[in-house]
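Here are some notes for a colleague opening this entry. Please keep the sequence and the structure in view while reading.

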Amino acid sequence: MRQSASVLAAALLPLLLLGATACSGAPEGAALAPAAAPAVPVDDGAPGAGEDPAPGAAQAAAKDAHVGDAVRVRGRQVGRHLQAVLNAYVDPGVSVEKNYAPPAGKRWVAASMSFVNVGGASYGALGHMWAYDSAGTRFPVVPTGELTTGKPLVFDSLEVGERAEGWVVFEIPEKARIVRLQYQDANMQANSGEGFWAV
């Protein structure tokens, strides 16, 4: 009888140890902790401000569209939805006016963009667009008038189903290398109020 009890205890010991290990581990609630939200560049509106670093390579790879890709942008206001497409990107951008050019040490790069109101309400003025160089510095859109590649993008509002298309221009240092473009809704909602394109 005593020998049977010893055999039974020996057989149960590994199971008891396995159960104890399975019950221990991460602190209570650790598995429910949400992952950190990706950083979103701050829309401070400062022309050429470079305080906001470009998001990391992993985030860029997950979010960035490319030339020809459509990105759905949803604003904070109900029914405010745009479909934005980067149609083309040129470096350098050249004005149709022969005597109109960026200052010494600068150059223009330009993007052909199209926006369609796919929401359920009128869409007001555009938000902001930025060009990011390889160092993470961002540059705003500058007015240049018509380029040799086409007319500038201008609209005050878009009704449901309406489309606007044209070129936006960024003035950058001569040696800078632009790697991505960003559109940001004027009333940005985190994770949906912006779109990124790799160039």
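1. A term comes before anything else. A nonpolar core is a set of buried Ala, Val, Leu, Ile, Met, Phe, Trp, Tyr and Cys residues joined through side-chain atoms within 4.5 Å. Buried means under 20% relative accessible area. Bear in mind that this is a predicted model.

2. Start with the largest nonpolar core. It has 26 residues. Met 113, Phe 115, Phe 170, Tyr 183 and Trp 197 touch the most other members. Several strands supply at least two residues each: β1 (70-74), β2 (81-90), β3 (106-117), β4 (128-133), β6 (163-173) and β7 (178-184).

3. A second core is separate from that one and has five residues. Trp 108, Ala 110, Leu 147 and Val 169 are among them.

4. Look next at Phe 170. What is it in contact with, leaving aside its neighbours within four places in sequence? The list includes Arg 107, Trp 108 and Val 109. Met 129, Trp 130 and Ala 131 are also on it. So are Phe 139, Pro 140, Val 141 and Val 142, and Leu 181 completes the list.

5. Now the sheets. One is an open sheet of four strands, in the order β1-β2-β3-β6, with antiparallel pairing. Why is one side of β1 and of β6 left without a neighbour in the sheet? Because β1 and β6 stand at the edges, each with a single partner strand. From one strand to the next, the twist averages 30 degrees.

6. Within that sheet, consider β1 and β2. They run antiparallel and are joined by five bridges. Arg 72 stands opposite Gln 83 in β2.

7. Another open sheet of four strands has the order β5-β4-β7-β8. Its pairing is antiparallel. Which strands are at the edge? They are β5 (138-140) and β8 (194-198), and each pairs on one side only. Here the twist averages 25 degrees from one strand to the next.

8. Strands β7 and β8 are joined by five bridges and run antiparallel. Arg 180 stands opposite Ala 198 in β8.

9. Finally, check Gln 182 in strand β7. Is Gln 182 buried or exposed? Its relative accessible area is 0%, so Gln 182 is buried. Its side chain has a polar contact of 2.8 Å with the side chain of Tyr 132.

Note on methods. Residues numbered from 1 in each chain as written. Predicted model: local features only at pLDDT ≥ 70, side-chain atom pairs only at ≥ 80, totals over all residues. Heavy atoms only, no water. Buried < 20%, exposed > 50% of the residue type's maximum accessible area, 1.4 Å probe, protein only. Contact = heavy atoms within 4.5 Å. Pairing = 2+ DSSP bridges. Axes fitted to C-alpha atoms, helices over the stretch in contact; angles between N-to-C directions. Polar contact = N/O pair within 3.5 Å; in protein donor to acceptor, adjacent residues only side chain to side chain.
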